[in-house]
Amino acid sequence: MPSRPLRRLREGWPAYLFVLPSVLLMAYFSYVPAYTAMTRAFTDWDGLNVPTFTGLENFQRALTDPVMGQAALNAGIWVVLGLVLAVLPPLLVAELIFNLRGQRRQYAWRSLFVVPVVVPSLVLLLMWGTFFRSDGLINTVLGSVGLGAWRHDWLSDPSTALYSLIFLGFPYIDVFFLLLLYAGLQNIAPEVFEAGKMDGAVGWRRVLYLDLPLLRPQLGLIALLSVIGNVQYFISPLVLTSGGPGYSTTVPALLMYNTATRNGEYGYAMAIAVLLMLVVVVLTGLSRLVARERA
Amino acid sequence: MNRRSLTPGEIVRNVLLLLLALLALFPVYFSLVNSLKSPVQYAQNLLNFPATLHPENYSLAWVQIRGPLLNSVVVTLSSVLATVVFAASSAYALALIDFPGRRLLFGLVFALFLVPDFLTLIPLYVQIKALTLPSNYLAIILPTVAAGQPFAILVLYAAFRAMPRDMLEAARLDGAGHWALLRSIVLPLSLPILVSVSIIRLVPVWNDFLLPSLVLDEVHRTVPVALVGFQGGGAATGSTPNYGALMASYVLSALPLVVLFLFLMRSYVQGVTSGGVKA
């Protein structure tokens, strides 16, 4: 007679069949590469041949590389400014829509702000690339309002290239963040607003003293997603500037990508990736901690 | 419109929203008007509606973009479909069957939320290059399906958990097996959420650039990869591309999503607002 755990295992067989495709796919395309990345970070590896173990050498190199220092500084600026752009514009629009009268009108505006989702993100990026050119939209507009002196080849000047990439995408109304904040406002009980009204919390005061504190979970999530997203983001420098001019738009994630695909130094690239992941994990952990303290 | 709705505050809010919406939609306007201009018209004025139209830009763009468009449609549809089918089957087992190792599996799926894409990007590229696949499409479809699993399983798990248990028990007493239960009760009942998950997943898959640019060959490249390739070209020379044809290719590359959102806007909005889900 088979033991109890064995029988349970046998009776569970349909369940194992149900999860099998997902598990195989995730094992091969998610777990194996993650394992490769973390183990090869400690080796000298060219992506093809057997890696040789070098211990912490790659990490030492990453932490002392001056290019890495510049890249980390660029990423820091990006994260801070990106946070402001991720929170303020969607919050403004969410508040404006939420304070409109009539469900139908709110629904119509909400839908209108979702429409830009149909523009593929690469199209938006490339179009802004043309705006920044010397014959592009920004210089044309500057010229026509009498600010011709400010004209610029925005992406070729090391002092403006990074900021041009960060501020790409005006007016920065992220659909997902907007919907998240709007849903958050809708979930606030009407009694809370009624009670607030008695205490004089109307208009700006209501936003400041009621909405913002009550939206803290949503704002926290947006801040976390924005910071984590920007720490690892490198598509616009990759496509529009290749990290230049000089290293003025290089970020660590781009350095990781170029180190592997251009220089073939896969081991070093993995070390940079692991360091970046540590940053992400620490940030996530910190935000959890802050959320728990507040709760 | 009644009198109450036209307070000064209400007017200000509507005007502000209109202004912001127009700014948000500006790229759409910009690509549309400029897709109909000749290079000379483009150089003269970037913002006006052209006096004489140049629809031939679209035939120039179409020649370049139709291959990538077809590739994108094939890749996106098959990978989103497979994502939802596999995730639904896993979510069913995790949510509604009690079996040894369930918690462990659950943990393994959700641990993947902590693994960032850039960590796996390069090893994945090395791994796929070494793999002999029957079709190059699979080089991007398979990893994309895998990457979609945690999000899709999470949402479907929650939906299946909330299903009326007595109905499921009754069906089981009538002799329905797990497969029949999933196919004829669970899936039909959760159709709206299946649509939401599909369309939320579809947008990032359609826009994906990094991995496709690494693993897809020239013939199978998708729209984002192809668009980056057009930058210098657009059927013109060196540093000044033919902007009209370029903008026309931008417009064409957005069309499939436009058509989709005409029908599924509501599911998208509801899906995103129904919980704190990560897009």
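This is a short tour of a predicted model, one selection at a time.

**Stop 1: the two chains together**

Colour chain A and chain B separately. Start where they touch: 96 residues of chain B are in contact with 83 residues of chain A. How much area do chain B and chain A bury between them? The figure is about 7900 Å². Carbon and sulfur atoms account for 78% of it. Now select Leu17(B), Phe118(B) and Leu119(B). In chain B, these three lose the most area to chain A. Together they make up 9% of what that side buries.

**Stop 2: a helix pair across the chains**

Keep Phe118(B) on screen. Add helix α5 of chain B, residues 117-129, and helix α14 of chain A, residues 252-261. Their axes lie 11 Å apart and the packing angle is about 5°. Are α14(A) and α5(B) roughly parallel or antiparallel? With that angle under 35 degrees, α14(A) and α5(B) are therefore roughly parallel to each other.

Show the side chains next. From α14(A), pick Met256(A), Tyr257(A), Ala260(A) and Thr261(A). From α5(B), pick Phe118(B), Leu121(B) and Ile122(B). These residues make the contact. Six of them are nonpolar, one is polar and none is charged.

**Stop 3: a helix pair inside chain A**

Hide chain B. Select α12(A), residues 216-232, and α15(A), residues 266-294. The two axes come within 10 Å and cross at roughly 170°. That crossing makes α12(A) roughly antiparallel to α15(A).

On the α12(A) side, select Arg216(A), Leu224(A), Val227(A), Ile228(A), Val231(A) and Gln232(A). They meet Leu276(A), Val279(A), Val280(A), Leu283(A), Thr284(A), Ser287(A) and Arg294(A) of α15(A). By class, this contact has eight nonpolar, three polar and two charged residues.

**Stop 4: two cis bonds in chain A**

Stay with chain A and go to the loop between α8 (158-166) and α9, where Pro171(A) lies. What joins Phe170(A) and Pro171(A)? A cis peptide bond does, with omega at about 5°. Step on to Tyr172(A), which is in the loop between α8 and α9 of chain A. Tyr172(A) is not a glycine, yet its phi is positive, about 55°.

Now move to the loop between α13 (235-241) and α14 of chain A, the place of Pro245(A). Gly244(A) and Pro245(A) are joined by a cis peptide bond, with omega at about -5°.

**Stop 5: the second largest pocket**

Bring chain B back. Which residues lie nearest the centre of the second largest pocket? Select Glu95(A), Phe98(A), Asn99(A), Arg206(A) and Arg13(B). They belong to a lining of 30 residues. The pocket holds about 930 Å³ of space.

Several helices each supply at least two residues of this lining. From chain A they are α4 (66-98), α5 (103-114), α9 (175-186), α10 (190-198) and α11 (204-214). From chain B comes α1 (8-34). The lining divides into 17 nonpolar, seven polar and six charged residues.

**Stop 6: the largest cavity**

Finish in chain B. How many cavities of 30 Å³ or more does the structure hold? There are three. The largest has a volume of about 70 Å³. To see its lining, select Ser72(B), Val75(B), Thr76(B), Ile140(B), Thr144(B), Val205(B), Trp206(B), Asp208(B), Pro212(B), Thr222(B) and Pro224(B).

Then colour α3 (56-96), α6 (138-161) and α9 (191-207) of chain B, the elements that give two or more residues to this lining. α3(B) gives the most, with three. Six residues of the lining are nonpolar, four are polar and one is charged.

Methods:
Residues are numbered from 1 along each chain as its sequence is written. Chains are lettered from A and ligands numbered from 1 in the order in which they are written. This is a predicted model: local features need pLDDT of at least 70, side-chain atom pairs count only at pLDDT 80 or more; totals for chains, interfaces and linings use all residues. Side-chain values use heavy atoms; hydrogens and water are left out. On a 1 Å grid over the protein atoms alone, a cavity is a set of points where a 1.4 Å probe fits but cannot get out, and a pocket is an open set with protein on both sides within 12 Å along at least five of seven lines; lining residues have an atom within 4 Å of a point. Grid points are joined across faces, edges and corners, and a volume is the space filled by probe spheres set on the points. Helices (H or I, at least four residues) and strands (E, at least two) are DSSP runs, numbered from the N terminus. Ala, Val, Leu, Ile, Met, Phe, Trp, Tyr, Cys and Pro count as nonpolar, Asp, Glu, Lys and Arg as charged, and the others, Gly among them, as polar. Axes are lines fitted to C-alpha atoms, for helices over the stretch in contact, and angles run from 0 to 180 degrees between N-to-C directions. Angles under 35 degrees count as roughly parallel, over 145 as roughly antiparallel, 65 to 115 as roughly perpendicular and the rest as oblique. Contact means heavy atoms within 4.5 Å. Buried area is the accessible area (1.4 Å probe) that two parts lose on being put together, summed over both.
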